Amino acid sequence: MIVLVIVNGTMVPEISIINSTSLPEVLTAHGNGIMKRVIANKEIVPPVTQLSLVDFQPGQKVETHKHESMHEIYFVLNGTVTVNGRSVRKNECVIIPAQVEHDVANLTEEVVCWFAVAVATGSS
């Protein structure tokens with residue numbers, strides 16, 4: 001939800017503080033039972049397509065795919081996730097440009113959580 005305030009006679013967005021633990025969990029578009037909590041989307045912060053916290057259970061995978069008009073950035077908060085066969089560990093970030101094929105897997109025995117940012121390229 002975006003809150004608007006009036007500044008010098010103009011409606012402008014107010015700074016928002018969001019407690020991620022109060023956000024509902026929803027399935028990712030990739031399915032496989034992978035859950036996320038959406039913090040913001042393009043209605044709130046264009047051209048950001050989405051800001052999410054993703055919980056990736058042991059053994060979960062996202063098959064090889066690409067996004068034609070969206071970049072993705074994952075910042076791993078805990079655990080290790082595998083992207084295109086490369087390990088991305090806690091406090092590491094992976095940047096996946098638009099149109100680059102990628103797959104993601106949790107090959108560990110622990111839940112992996114990452115902060116995901118998706119940004120539109122401006123083309124559709």
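Two strands are taken to pair if DSSP finds at least two bridges between them, and on that basis this predicted model contains an open sheet of 6 strands, in the order 3-4-5-12-7-10, with antiparallel pairing. The edges of the sheet are formed by strand 3 (26–27) and strand 10, each of which pairs on one side only.

Within this order, strand 12 can be followed to either of its partners. Towards strand 5, the connection is made by 8 bridges between antiparallel strands, and along it Phe 56 stands opposite Val 112 in strand 12. Towards strand 7, there are 8 bridges, and here too the two strands run antiparallel, with Met 70 standing opposite Ala 120 in strand 12. Strand 7 is in turn joined to strand 10 by 4 bridges, again in an antiparallel arrangement, and in this pairing Phe 75 is placed opposite Cys 93 in strand 10.

The aromatic side chains offer a second way into the structure, since a search of the whole structure finds 2 aromatic pairs. In one of them, the ring centres of Phe 56 and Trp 114 lie 4.9 Å apart and the ring planes meet at 65 degrees, which is over the 60 degrees required, so the pair counts as edge-to-face. This pair links distant parts of the chain, given that Phe 56 belongs to strand 5 (residues 48–56) and Trp 114 to strand 12 (residues 112–120), 58 residues apart. Both partners are buried: Phe 56 has a relative accessible area of 0%, and Trp 114 has one of 4%. Through ring pairs, Phe 56, Tyr 74 and Trp 114 are linked into a cluster.

These three aromatic residues reappear in the largest nonpolar core, which has 15 residues and in which Phe 56, Tyr 74, Val 81, Val 83, Val 104 and Trp 114 are those with the most contacts. Two or more residues are given to this core by each of strand 5, strand 7 (70–78), strand 8 (80–83), strand 10 (93–96) and strand 12, and strand 12 gives the most, with 3 residues. Once its neighbours within four places in sequence are left aside, Tyr 74 is in contact with residues that include Val 83, Val 94, Ile 96, Val 104 and Trp 114, and also with Glu 92 and His 102. Apart from the largest core lies another core, of 7 residues, among them Leu 23, Ile 39, Ala 40 and Val 48.

Key:
Residues numbered from 1 in each chain as written. Predicted model: local features only at pLDDT ≥ 70, side-chain atom pairs only at ≥ 80, totals over all residues. Heavy atoms only, no water. Phe/Tyr/Trp six-rings, centres within 6.5 Å; stacked < 30°, edge-to-face > 60°. Buried < 20%, exposed > 50% of the residue type's maximum accessible area, 1.4 Å probe, protein only. Core = buried A, V, L, I, M, F, W, Y, C linked by side-chain atoms within 4.5 Å. Contact = heavy atoms within 4.5 Å.
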